Each structure stands twice: as structure tokens, then as C-alpha cells.
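Visitor: I should like a close look at one part of this model. Please take me through the loops and their backbone in some detail.

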Amino acid sequence: MPGDISLDVSALAVFFAAQGRDLPWRRVDAGPWGVLVSEIMLQQTPVARVLPVYLQWMARWSDPAALAIAETGELIRVWGRLGYPRRALRLQDAARLIVSEHHGRVPSDLTELLALPGVGDYTARAVAAFAFGQRQAVVDTNIRRVLSRAVRGVNEHGPATKADRTELEALLPIAPPDAVVTCAALMELGAMVCTASSPDCAHCPLAPTCRWRAAGYPVGPPRRRAAQKWLGTDRQVRGQIMAALRDISEPLAPAELATRTPSYIVDQVQWEHCLASLIVDGLAALDHAGHVSLP
């Protein structure tokens with residue numbers, strides 16, 4: 001990468017101070033636990049869907065110790081339709097490890113964060129940066145898109161890579177507080193201004209130095225969109241079963257539960273397979289009478 005490439009850190013900081021959303025996990029009182037919860041919830045899920053669940057979750061389980069002893073079924077109910085409910089189980093597993101190994105406090109060390117259930121490289125770096133003020137190259141799909149356009153001059157989309165992290169590492173300010181603001185600003189810029197389908201270049205703080213803009217907005221590689229049909233998939237059927245389980249107060253016989261899920265009428269074999277998979281995943285439980293409920 002040419003040596004003259006840099007990010008206008010000052011412009012990003014001004015943008016973030018003026019236009020950054022006031023999200024609860026960005027507030028000082030959120031603490032490391034609030035940041036960790038938000039990062040787990042935000043995995044593959046937009047802010048608008050996360051926000052109400054996050055607020056309810058933190059009102060119920062404001063620290064790892066509270067979540068560690070919570071009834072698993074209750075946290076699945078609160079998780080609701082946020083999607084990928086196994087994240088809720090991993091978050092409780094992480095809370096229990098934090099209590100048993102870290103005296104109830106979210107660790108700040110990157111290696112220790114990576115050892116928590118449900119925490120991958122991105123999440124660990126995000127918590128280290130946004131909760132503990134560390135200089136970490138935090139790269140999600142939004143930041144990758146901004147880097148691709150503004151720095152490389154390519155309209156490229158896709159998941160973040162190790163190369164993206166290396167690139168951002170070289171561009172970040174040396175001072176940790178400035179690096180944290182830069183990462184947060186880049187993330188906000190990609191989410192709100194430099195969007196995938198309709199970038200608002202007229203209001204972008206990086207427009208004066210953006211290589212993609214200077215090159216006349218060349219068309220990049222085609223976006224690879226996986227065909228994600230929903231109707232009839234195991235994910236849809238599992239979601240229907242989970243919704244029915246959240247609505248009941250007492251365990252039900254599988255036959256009774258089936259009457260509350262439309263997918264059973266369509267394909268009984270698939271329905272039974274999906275119920276069995278939920279039990280294996282720990283998202284549903286069988287009692288001694290063979291009735292089904294949340295754990």
C-alpha cells in the first residue's frame with residue numbers, strides 16, 4: 001500500500017461526535033459487560049432489532065453473575081425473535097466462565113476474551129477497544145467497505161479478512177483513544193453513510209480523499225449474494241417451534257406442540273427432525289414424561 005495513504009482521523013472524529021448514534025452500549029455506564037452483550041447480539045443482526053432486546057436483557061441481567069444463575073428458558077424468552085438463539089446460550093456460558101475464572105468481571109486481555117464461549121476474533125477486539133480503550137484494529141463488514149472504497153478505490157463488498165485488519169492496523173492513530181474513536185467512526189460511517197447500495201458521498205467526511213470517488217466510482221466485483229430462501233427451511237421450522245415454546249407456561253406433549261406450529265402440517269418428518277435438533281442444541285428440553293418445554 002502506498003505510503004501516502006492515510007485516514008483523515010480529525011474529520012472522522014468530528015463526524016462521529018456530531019452524527020454518531022446515541023446507543024446504550026456506547027455510553028460510559030454500559031461497562032464492559034454491556035459492550036460484550038451488545039457485540040454478541042449484533043452478530044449478523046441489525047441495530048434496530050437488537051436495541052429493544054438489549055434494553056430488556058440488561059434490565060434483567062445487569063452483570064455476568066446475574067446471567068450465570070438465570071433460568072435458561074427465561075433468557076431464551078427474552079432473546080425472543082432476535083435470531084440465532086444459540087448465541088443466548090453461549091452468552092450465558094461466557095457469563096459463567098467470567099464468574100468462575102475472572103471474579104465476575106469481563107477480562108480485558110485479548111487472549112482471555114477469545115477463550116470466552118461465543119467470542120471470536122472480531123468480538124474480542126471490539127470489546128477490547130470499546131470497553132477497555134485498547135488500540136485494536138476492529139473490522140466488520142461496514143469498516144471493510146469504507147476501507148475498500150476510500151483507501152483502495154475499489155467498490156468491494158464481503159466479510160472482513162485478516163488483510164483488512166492488517167491494513168487498518170497500519171492506518172490507525174498510535175494513541176489508543178484516537179484509535180478507538182477512529183474504529184467507531186468508520187463503523188458508523190459504513191452503517192449510515194457509506195452504505196452498500198446507496199452511499200451518500202455528499203455527506204461523507206472522507207469524500208475529499210476517497211480514492212473510489214476520485215476514480216469516478218468504478219464498478220467493483222459483483223456482490224455475491226447467497227440465495228437464502230426462508231420458507232420451508234429448517235431455520236424457519238426451528239423458529240416456529242421456538243416461538244411456540246416461548247408462548248407456553250407448561251411442558252406440552254410433542255403432538256400438542258405440533259398443533260401450534262404450521263410447519264408440522266407441511267412436513268412432519270422435517271418438524272420432528274428440527275425439534276430433535278433443538279433438544280440437542282439445548283434450546284428445548286424433554287421431561288420424564290416426554291413433554292417438551294424451554295430448558
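Guide: The following account of this predicted model takes up two loops in turn, with attention to phi and to accessibility.

The loop between α5 (72-79) and α6 holds Y84. Although Y84 is not a glycine, its phi is positive, at about 50°. Most residues other than glycine have a negative phi. Y84 has a relative accessible area of 34%, and because partly exposed covers the range between 20% and 50%, Y84 is placed in that class.

The second loop lies between α6 (86-102) and α7 (110-114), and S108 is located there. H103 also belongs to the loop between α6 and α7. The backbone of H103 again shows a positive phi in a residue other than glycine, here near 55°. H103 has a relative accessibility of 76%; since exposed means over 50%, H103 counts as exposed.

S108, in the loop between α6 and α7, is partly exposed, its relative accessible area being 33%. Leaving aside residues up to four places away in sequence, S108 touches L113, A128, F132 and Q134. One of these contacts, F132, can be described further: S108 and F132 are 24 residues apart along the chain, and their C-alpha atoms are separated by 6.4 Å.

To draw the account together, Y84 and H103 each carry a positive phi, while S108 is in contact with residues including A128 and Q134.

Definitions and conventions:
Residues numbered from 1 in each chain as written. Predicted model: local features only at pLDDT ≥ 70, side-chain atom pairs only at ≥ 80, totals over all residues. Heavy atoms only, no water. Helix = DSSP H or I, 4+ residues; strand = E, 2+ residues; numbered from the N terminus. Buried < 20%, exposed > 50% of the residue type's maximum accessible area, 1.4 Å probe, protein only. Contact = heavy atoms within 4.5 Å.
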